[in-house]
Amino acid sequence: MTRVLSVASECAPLVKTGGLADVVGALPGAMAGLGDELRTLIPGYSAVPTGGKVVARLADLFGGPATIEALTHAGLDLLILRADHLFDRNGGLYVDAFGADWPDNPQRFAALSYAAAHIAAEGLGDWTPDVVHGHDWQAGFVPEYLSAMGCDTPFVLTVHNVAFHGNTGAEALETLRLDPARFHAHHYEFWGQISALKAGLMGAAQITTVSQTYAEELMTPHFGMGMDGVLRHRRRDLTGIVNGIDTDVWNPATDPLISPYTTLKGKAANKAALQAEFELPKAPGPLCVLVSRLTDQKGIDLLLDALHVVLERGGQVAVLGSGDPSLEVALLERADKEPNLAVKIGYDEALSHRMMAGGDSILVPSRFEPCGLTQLYGLRYGTLPLVALTGGLADTVINASPAALARNVATGIQFSPITAEALANAFGRLCDLYADRKVWTAMQRNAMKQPVGWDTSAAAYHALYEATAGNA
């Protein structure tokens, strides 16, 4: 058994802005089946339940007192960092009510890393982690603080999205309690700035990311977002482990948020209900759904340029998401002109389940996608993914190529290059496949049989934890 302290800025079902929270929330249960014991440290935002047992106190944590509370919630063994001066505020996890980053984000998440290092160095009663597993830049300073505390507990960093570095100016060295002697290229200095992500990448015993293709992409200038050189330097310690999904929560046979189904006939009832909910008429073509942040990274501008193809072929598109205000407006204005395009701005977990159940195809036209979860939900629900050929989308969807169709293994459609023209061509292929009901239903059945849970990935993490703890 390996005891692991998982450190993250969000965790489903308590606090969530994206797929990171789903992974952090699902991993402990997946690992428990293999004998590993995970406790998850997250910030005590105002939305996080109170009432836990205080297991540690920090008199001065970046500007105020803090406690660490042990709490069990939704089957998770949680450690809540209560530091009201840092986390108890109105607004989002990372941004204020106006959408601007909290100016003290460097201190807020340095505090999370510091608390993690404190737990590793001092233990919590009779529990001391064998490994600290950090997620993204918010946990990046853990190895710096471990070093400062003289603690040799090994650190594993998972990169969910390399685009976010957690950078701040060098003048913050003292306030972040970082060793100035380590402000150089081999630790946390990044082009004259302090970089939390680089600190994690350089200090980790092992680095994982959330698909094998993304691991390879990260070492290229196009996808590495400035960290490609660091990742090439650490290539021997970089592993891609694809994410899984919670197959109990996402199960079309038992999902309480839909009309449960085990057959494609049962899925048809959900499609009719979804069309009614979005006020879409019945149509001869496929109902495509998109559940996403509305940003250029997610390819929403490409969708706007290409969706005319599926609409002209008798298809429909239903969108749920929020993000770039200009893209929100563009989608809403387009929906006003197109009776078969419907858009709802916002976040709605229950509606996302209904869209997975009712859609014929889930659209993921991302310019880059480390892993992606929506295509996995789509596979589980027989909602065939139409995805860009990148990252985890490349690793989890079997393209409907002539060879794959001949072998009856295709589960979706991939397109490349990632352009509006290629997406338009993919929409044409989608409509052709949908018109051939025998081929389409075979693909749906293939999709629903795909292993999208955590079994394979959990085994990979188990081996990684065991090897890392053994080498400490």
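Here is a short chat about one small sheet and one pocket in a predicted model.

Colleague: Before we start, how are residues numbered?
Modeller: This is a predicted model, where local features need pLDDT of at least 70, side-chain atom pairs count only at pLDDT 80 or more, and totals for chains, interfaces and linings use all residues. Side-chain values use heavy atoms, leaving out hydrogens and water, and each chain's residues are numbered along its sequence from 1.

Colleague: Which strands are at the edges of the open sheet β8-β10-β9?
Modeller: Strands are DSSP runs of E, at least two residues, and helices are runs of H or I, at least four, numbered from the N terminus. Two strands pair if DSSP finds at least two bridges between them, and the pairing here is antiparallel. Each edge strand pairs on one side only, and they are β8 (167-168) and β9 (189-190).

Colleague: Which residue in β10 stands opposite N167?
Modeller: β8 and β10 (residues 193-195) run antiparallel, joined by two bridges. Opposite N167 you'll find S195.

Colleague: Which element gives the most to the lining of the second largest pocket?
Modeller: A pocket is an open set of points on a 1 Å grid over the protein atoms alone, where a 1.4 Å probe fits, with protein on both sides within 12 Å along at least five of seven lines; lining residues have an atom within 4 Å of a point. This one has 27 lining residues, with D22, G25, A26, D246 and V249 nearest its centre. Two or more residues come from each of α1 (19-32) and α19 (455-470). With six residues, the top contributor is α1.
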